[in-house]
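Welcome, and please load the model in your viewer. We will move from the whole chain to one helix and then to an enclosed space.

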Amino acid sequence: MVKRHGQEQMASPYSTGGGGSVLEHRYGAVLLSHLLIGDPIPELGADADPISIRFQDKISSPVDDLVAVGRTPDGAERWLSIGVRRAPKFTRSEAPTADLLVSYLRVVSANWEEVSAGRWRLGLAVASPNQAVQQIRELAVIARDQPDNAAFRTAVTTPGRISQDVRDRLTHFDALTKKAADKTKELPASIETAELSWRILHALWVRELRLEGVDETDASFTVARLRNIVPDGSVTAANDLFRALENLSRRYATSGAKVTETMLRQHLSGMRIQTTIIDWPFSSTPPTTQEKPKERPSNNSAAHGATEEGTEDAATDFTATLDGFPNAASSSHILAQFQSAAYALTERNDRTWRPALDTVELIGELYPKMRQRVINLFCTLLRCPTDSHDATFRKEVQAVLCRQLSGPLTLLGADRQGDQWTNLNLDLHGARLTDFQLEGAQIGKLDFPGAHLDGETSFSETIFVDHANFSNTTFAGQTYFARCQFNDGADFSGSSFLECSFGRSKFKGIANFGNSHHTQEASFRMILLNDTGIFDNANFCDGATFEGSDFRGDVRFVDTNFGPLGHFESVAFHQGVRFNRARATQFDFHEAVNLGGAIHSTNWPSGWMSFDMTCAAIVEDEHERKALVEPCTTCRHRSECRLAENAKQRLEEDFFGQ
């Protein structure tokens with residue numbers, strides 16, 4: 001049995017074929033930079049301060065290429081055992097990957113208590129891009145959020161949750177796990193292959209490395225971070241430091257070293273390195289955290305104004321010390337990094353904006369208390385006129401925002417390295433966006449008034465915790481709000497839709513679609529309105545369906561144009577409902593029910609039923625006036641007519657509103 005701190009002596013590091021690759025050495029240098037600077041390692045967790053990096057440590061960990069150890073706030077250690085492979089295919093016939101899984105199996109079988117407690121994680125680092133590994137990462141994200149193998153298998157087989165290609169990859173993974181299990185005699189016979197596969201995926205954190213060839217983004221970003229600890233802050237000095245770390249990584253791998261920060265600084269004693277992190281600007285000439293931003297010339301006045309707005313937003317609120325950092329110095333350092341990157345993003349410099357965007361995103365990943373600031377910056381950039389930045393820049397900023405906010409089971413969310421960003425406010429008023437995909441998110445307050453969204457827009461399965469304001473927004477393509485939850489009301493008044501679907505969405509608070517315009521058929525199938533719904537003066541040019549919906553509060557369709565069809569089949573009305581002057585070529589109320597209400601209308605469409613007399617359904621104003629003179633047939637056996645009562649009260653208090 002393998003124990004983390006056991007006494008069993010294992011083979012030498014290189015005899016197992018784990019070391020020696022350029023990719024592994026460069027990634028080791030990246031991990032050493034985290035140790036040197038004190039930045040959290042994403043796969044180890046934002047709450048863990050790195051305290052050591054171990055190279056080819058077969059004695060302590062069966063997965064021995066690299067091991068990162070961090071200290072969590074409760075004083076305990078968390079381990080990340082990383083296997084580095086250039087291009088694993090994860091097919092059932094691939095022997096090298098089966099060998100890697102052997103080491104993973106030893107961890108999750110002999111040390112499952114630590115793994116399940118979150119004290120020991122598995123890592124897989126590969127060269128990017130790798131489609132098979134991306135599919136494995138998607139499975140790992142699902143497995144991580146399931147309590148056991150049975151729940152995981154149910155989640156994977158749920159229709160529409162993942163693609164068939166990902167399911168097929170799980171089949172290959174199960175076969176590889178069985179092959180790996182057959183190679184080791186250390187596994188309890190009682191643990192089935194499917195359970196072992198889930199355990200590995202449950203503990204697995206995947207990272208695609210951009211350290212070689214035409215894409216060395218991770219290396220560039222590491223150099224940018226190292227600029228903060230070299231005295232002159234130059235790229236040259238930071239690059240020299242990274243090369244030194246790479247050489248040390250190669251040396252540590254051959255000796256199986258256990259490296260602490262003190263030991264690393266000792267081995268770098270010949271280089272000039274700050275013992276504490278200094279505040280060094282990201283770009284060449286930004287203002288310091290105490291200076292007011294300097295005006296930058298621009299040939300485009302609109303773009304310049306937008307840049308000033310972005311600069312102010314990025315600068316004014318980011319100089320205060322934050323809670324949640326180890327000390328005031330680290331707080332100041334992170335704020336300075338953020339501000340410098342923010343200025344680089346607003347400068348519209350093609351050379352610097354990509355590393356600056358990576359910097360801002362990673363700050364949000366590592367420091368949750370910075371996430372609202374990061375989102376504010378992204379929103380500011382996206383609100384700028386479209387000609388203030390090129391299309392590629394806007395697309396990348398939007399992609400980062402949507403990736404971090406989207407749910408883990410969505411296509412974008414599965415591509416995220418860390419945890420989902422939730423309960424953050426978005427202000428995108430007046431923004432012009434294309435193919436905006438924000439699915440499975442949990443948003444705080446959302447402001448989209450006056451925005452223009454081209455292409456396909458999707459907020460499906462998103463939870464809007466606070467008020468969602470989409471008033472006067474233009475949705476110029478297919479729009480999906482399927483299975484959303486609006487917990488504090490939603491305002492779509494005056495908005496324009498080409499084609500929209502709100503199927504199975506739930507609304508609390510006022511749902512206002514008054515004066516909205518729908519060019520193609522609008523779908524509100526099986527929505528739930530817990531409070532007031534307003535559709536007054538809405539224009540459904542190609543019809544609207546509310547089939548199976550549940551209206552538990554008052555709902556109004558006054559002066560609404562349903563075009564060819566107003567479809568209300570199997571709808572349930574619980575309170576007052578008004579269709580005054582509503583028009584359609586055809587209404588369908590088949591099996592629609594009023595769960596309480598007398599109806600003073602002899603020409604209500606067939607299929608309408610009433611279970612008792614507790615509320616009123618109004619089709620035309622004349623029905624109220626008629627009720628004052630003579631009760632409807634349904635009410636004649638009673639002493640009073642509910643509809644007549646409402647008519648009287650309306651005369652005094654405008655009970656039903658205008």
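Here is a short tour of this predicted model.

**Whole protein.** Start with everything selected and colour by secondary structure: you will find 17 helices and 34 strands. Now switch on the surface. Its accessible area comes to about 27,300 Å², with 47% belonging to carbon and sulfur atoms. Of the 658 residues, 54% are buried. If you draw contacts between residues at least 6 apart in sequence, 45% of them join residues at least 24 apart.

**Helix α12.** Next, select residues 328-346, which form helix α12, and pick out Leu345. Is Leu345 buried or exposed? Its relative accessibility is 0%, so Leu345 counts as buried. Add Leu377 to the selection: this residue lies 32 residues from Leu345 along the chain, and their C-alpha atoms are separated by 9.3 Å.

**The second largest cavity.** Now look inside. The structure holds three cavities of 30 Å³ or more, and our stop is the second largest, with a volume of about 50 Å³. To see its lining, select Asp39, Phe221, Arg225, Ile334, Gln337, Thr359, Leu362, Ile363, Leu366 and Tyr367. Two or more lining residues come from each of α8 (217-226), α12 and α13 (353-366). Which element gives the most to this lining? That is α13, with four residues. Finally, colour the lining by class: six residues are nonpolar, two are polar and two are charged.

Conventions: Residues are numbered from 1 along each chain as its sequence is written. This is a predicted model: local features need pLDDT of at least 70, side-chain atom pairs count only at pLDDT 80 or more; totals for chains, interfaces and linings use all residues. Side-chain values use heavy atoms; hydrogens and water are left out. Buried means under 20% relative accessible area, exposed over 50%, partly exposed in between (1.4 Å probe, protein chains only). On a 1 Å grid over the protein atoms alone, a cavity is a set of points where a 1.4 Å probe fits but cannot get out, and a pocket is an open set with protein on both sides within 12 Å along at least five of seven lines; lining residues have an atom within 4 Å of a point. Grid points are joined across faces, edges and corners, and a volume is the space filled by probe spheres set on the points. Ala, Val, Leu, Ile, Met, Phe, Trp, Tyr, Cys and Pro count as nonpolar, Asp, Glu, Lys and Arg as charged, and the others, Gly among them, as polar. Contact means heavy atoms within 4.5 Å. Accessible areas come from the Shrake-Rupley method with a 1.4 Å probe; for residues, only the protein chains shown count as cover.
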